[in-house]
Amino acid sequence: MTMEFTDRVTRVEPSATLAISALATELEAEGADVVDLSVGEPDFPTPENIVEAGKDAMDAGHTGYTTSAGILELREAIADKLADDGLEHTADEIIVTPGAKQALYEIVQALIEDGDEVVLLDPAWVSYEAMVKMAGGDLTRVDLSETDFQLEPALDDLEAAVSDNTELLVVNSPSNPTGAVYSDAALEGVRDLAVEHDITVISDEIYKEITYGVEPTSLGTLEGMADRTVTVNGFSKAYSMTGWRLGYFAGPEDLIDQAGKLHSHSVSSAVNFVQHAGIEALENTDEAVAEMTEAFEQRRDLVVDLLDEHGVDVAVPEGAFYMMLPVGDDDQAWCEGAIEDAHVATVPGSAFGTPGYARISYAASEERLEEGIERLAEEGYL
């Protein structure tokens with residue numbers, strides 16, 4: 001039997017970041033020592049107080065279904081967290097999801113249909129493109145590589161890209177894959193264009209708690225943006241809870257109502273006891289988050305210095321735990337060679353819409369980072 005598959009599936013490629021990680025795992029299974037700088041996952045264990053909260057919730061019997069949008073206590077804790085960031089949302093304007101990726105998927109599915117224009121800021125996280133294509137939308141992309149991945153100097157390019165036909169703009173600050181944190185002036189430029197052209201904006205803030213010497217602004221706090229911004233965040237990165245699969249989004253009530261239909265008919269709800277662990281993460285884990293962020297900053301500085309010793313200049317990230325390494329025209333071949341010859345896994349910049357670069361994750365120990373950079377240099381990749 002030959003199955004016929006839908007256009008919405010065949011028009012997208014598998015996740016490049018997960019594909020590279022799978023290749024690294026294969027090599028390791030064959031006995032190779034792979035320095036994996038491809039994965040967007042903190043190497044720290046989940047803080048113990050969060051783990052204990054999850055165990056306690058299971059012991060207390062929180063193992064059944066919850067309301068689809070999430071337990072009220074967690075949505076209220078999220079609303080309090082958002083209020084600290086300057087965003088005003090009630091618990092009824094929040095949906096808790098199994099990971100922030102699911103939140104983004106539900107938003108795009110609720111807002112985008114065939115032929116709708118979505119604008120991305122390149123380099124852009126790999127799944128944005130796939131989500132838009134699966135919804136039938138058309139992509140317009142704005143290249144930030146010529147401005148050290150900063151948005152403010154490229155506002156004229158963004159202005160040229162958007163129009164009254166633009167349905168959705170995706171802003172990710174701090175950024176995956178660049179680590180860039182957009183300035184207030186940049187976000188005000190986004191606000192002006194969104195208001196002028198009546199554009200809904202996704203503000204993906206999954207790395208908001210991981211910044212170095214800068215304080216990122218939540219886009220929805222700007223005048224005129226409260227009713228047109230959908231704020232996405234989660235627990236995977238800041239709280240080292242990748243495998244717990246817990247995220248959320250907050251937005252206008254009518255969007256929550258419509259996206260809630262998709263949510264209830266697909267994932268039903270996030271895991272009950274994981275939601276209880278999420279409350280603990282939000283309320284009692286600031287010190288652990290600060291310690292992890294300090295470690296990421298030290299690792300960032302180490303990698304920047306090591307690359308500089310080999311004559312490689314990079315845009316220094318202000319947040320997240322990634323940086324973009326210039327590698328020449330054929331970034332796909334560079335990344336394939338790096339993992340085959342040096343056993344160092346990275347992700348091609350073309351996967352993020354920006355050829356000529358490779359993304360390095362420095363969410364690894366200083367020892368492994370030093371080993372990875374040394375291997376790349378020894379094999380002639382720097």
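The questions below go through several helices and loops of this predicted model, setting values against the definitions behind the words used.

Q: Why is Glu-13 called exposed rather than buried?
A: The relative accessibility of Glu-13 is 66%, and exposed means over 50%, so Glu-13 counts as exposed. Glu-13 lies in the loop between helix H1 (7-10) and helix H2 (16-29), and its C-alpha atom is separated by 9.8 Å from that of Ala-351, which stands 338 residues apart from it along the chain.

Q: What makes Ser-269 a buried residue, and where is it found?
A: Ser-269 is found in the loop between H9 and H10. Its relative accessible area is 14%, and because buried means under 20%, Ser-269 is buried. Leaving aside neighbours within four places in sequence, Ser-269 is in contact with Thr-66, Thr-67, Ser-68, Pro-98 and His-263, where contact means heavy atoms within 4.5 Å.

Q: How do you know that the end-to-end span of helix H9 agrees with its number of residues?
A: Helix H9 (residues 253-266) has 14 residues, which at 1.5 Å a residue should span 20 Å, and its end C-alpha atoms are 20 Å apart, so the two values agree. H9 nevertheless has a kink of about 25°, centred on Ala-259. Just after H9, Ser-268 takes a positive phi of about 70°.

Q: Which residues of H9 are buried, and what covers them?
A: The buried residues in H9 are Leu-255, Ile-256, Ala-259, Gly-260 and His-263. Their cover includes H5 together with strand S2 (94-97), strand S7 (229-234) and strand S8 (247-250).

Q: How do you know that the span of helix H4 agrees with what its residues should give?
A: Helix H4 (residues 72-84) has 13 residues that should span 18 Å at 1.5 Å a residue, and since its end C-alpha atoms are 18 Å apart, the expectation is met. Leu-74, Arg-75, Ala-77, Ile-78, Ala-79, Lys-81 and Leu-82 are buried in H4, and these buried residues pack against S2, S7, S8 and H10. Just after H4, Gly-86 takes a positive phi of about 95°.

Q: What describes the packing of H5 with H6, and which residues meet there?
A: Two packed helices are described by the angle between their axes and by the distance between those axes. For helix H5 (residues 100-111) and helix H6 (residues 126-134), the axes come within 9 Å and cross at roughly 35°, and the crossing is right-handed. On the H5 side, Lys-101, Leu-104, Tyr-105, Val-108 and Gln-109 meet Ser-127, Tyr-128, Met-131, Val-132 and Met-134 of H6. The residues of this contact divide into seven nonpolar, two polar and one charged. H5 itself has 12 residues and reaches 17 Å from its first C-alpha to its last, close to the 16 Å expected at 1.5 Å a residue.

Q: At what angle do H3 and H10 pack, and what kinds of residue make the contact?
A: Helix H3 (residues 48-59) and helix H10 (residues 272-284) pack at an angle of about 145°, with their axes 8 Å apart, and their crossing is right-handed. H3 brings Asn-49, Ile-50, Ala-53, Gly-54, Ala-57 and Met-58 to the contact, while H10 brings Phe-273, His-276, Ala-277, Glu-280, Ala-281 and Asn-284. These residues divide into seven nonpolar, four polar and one charged.

Conventions
Residues are numbered from 1 along each chain as its sequence is written. This is a predicted model: local features need pLDDT of at least 70, side-chain atom pairs count only at pLDDT 80 or more; totals for chains, interfaces and linings use all residues. Side-chain values use heavy atoms; hydrogens and water are left out. Axes are lines fitted to C-alpha atoms, for helices over the stretch in contact, and angles run from 0 to 180 degrees between N-to-C directions. Helices (H or I, at least four residues) and strands (E, at least two) are DSSP runs, numbered from the N terminus. A crossing is left-handed if the near helix is turned anticlockwise from the far one by less than a right angle, and right-handed if clockwise. Ala, Val, Leu, Ile, Met, Phe, Trp, Tyr, Cys and Pro count as nonpolar, Asp, Glu, Lys and Arg as charged, and the others, Gly among them, as polar. The expected span of a helix is 1.5 Å times one less than its number of residues. The bend at a residue is the angle between axes fitted to the seven residues ending there and the seven starting there. Buried means under 20% relative accessible area, exposed over 50%, partly exposed in between (1.4 Å probe, protein chains only).
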